[in-house]
Amino acid sequence: MADFPKLMHTAIDTTDCRGLAEFYRQFLGAHYRPGDEPPTDGTPDDADWLVLVDDDGRRLLAFQQVDRLERTTWPEHDVPMQMHLDLSVPSSEEMERHRGRAEALGATLVLDRSDDEDEPLYVLADPSGHPFCICVI
């Protein structure tokens with residue numbers, strides 16, 4: 001018997017299930033759960049639930065298709081962010097490199113605190129508008 005539940009993954013709503021899964025797959029170097037890969041036989045990709053796993057097959061993120069998703073207005077609070085991911089890197093150089101990678105994959109910069117002496121970070125929005133931070137830890 002387990003003492004506590006184990007976190008399986010974090011599920012993220014999106015109006016483009018495959019597109020957002022691809023963004024995070026490429027950005028995090030993750031893989032699709034077996035059976036969730038894009039179709040290669042020409043059939044339509046109508047995925048409405050996809051899961052990404054790490055190199056050891058552990059679940060990382062899931063993506064759920066929704067009809068409508070209101071983008072956060074953060075740092076204003078008209079539409080709160082509700083959830084965000086924090087990702088860490090070991091140096092400012094790596095933070096810069098990964099910011100560039102994220103933007104090349106379709107992310108947009110929301111906040112630049114790269115010059116903060118205590119906690120340098122970037123806040124970016126993924127292609128569906130969900131914020132995520134890249135921090136030097």
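Which residues do ring pairs link into a cluster? Select F23, Y24, F27, F63 and F132: ring pairs join these residues into a cluster. Keep in mind that the model is predicted.

**The aromatic cluster**

The count of aromatic pairs comes to 6. Start with F23 and Y24, an edge-to-face pair with 4.9 Å centre to centre and 85° between the planes. Both F23 and Y24 are buried. Next, show Y24 together with F63. This pair is stacked, with the centres 5.9 Å apart and 20° between the planes. Y24 belongs to helix α1 and F63 to strand β4, so the pair ties together parts that are 39 residues apart in sequence. Y24 and F63 are both buried.

**The sheet**

Switch to a cartoon view and colour the strands. The sheet is open, has 4 strands in the order β1-β4-β3-β2, and shows mixed pairing. Select residues 10–14 for β1 and 31–32 for β2: these are the edge strands, and each pairs on one side only. Strands of a sheet pair through backbone hydrogen bonds, either parallel or antiparallel. Now add residues 49–53, which make up β3; β2 and β3 run antiparallel and are joined by 2 bridges. To find one bridge partner, pick H31 and look across to V53 in β3.

**The helix across the sheet**

Select residues 17–28, helix α1. The helix lies across β1, β2, β3 and β4, the last of these being residues 59–65. Relative to β4, helix α1 runs at about 160°.

**D36 and its surroundings**

Move to the loop between β2 and β3, where D36 is placed. Is D36 buried or exposed? D36 has a relative accessible area of 9%, and because a residue under 20% counts as buried, D36 is buried. Show the side chain of D36 and the backbone nitrogen of V51: the side chain reaches this nitrogen at 2.8 Å. Leaving out residues up to four places away in sequence, D36 touches R18, W49, L50 and V51.

**Two arginines over rings**

From D36, step to R18, one of the residues that D36 touches. R18 lies over the face of Y32, at 4.9 Å from the ring centre. Then select R99 and Y122. Here the charged end of R99 sits over the ring of Y122, 4.8 Å from the centre of that ring.

Definitions and conventions:
Residues numbered from 1 in each chain as written. Predicted model: local features only at pLDDT ≥ 70, side-chain atom pairs only at ≥ 80, totals over all residues. Heavy atoms only, no water. Pairing = 2+ DSSP bridges. Contact = heavy atoms within 4.5 Å. Axes fitted to C-alpha atoms, helices over the stretch in contact; angles between N-to-C directions. Buried < 20%, exposed > 50% of the residue type's maximum accessible area, 1.4 Å probe, protein only. Polar contact = N/O pair within 3.5 Å; in protein donor to acceptor, adjacent residues only side chain to side chain. Phe/Tyr/Trp six-rings, centres within 6.5 Å; stacked < 30°, edge-to-face > 60°. Lys NZ or Arg CZ within 6 Å of the ring centre and 35° of its normal.
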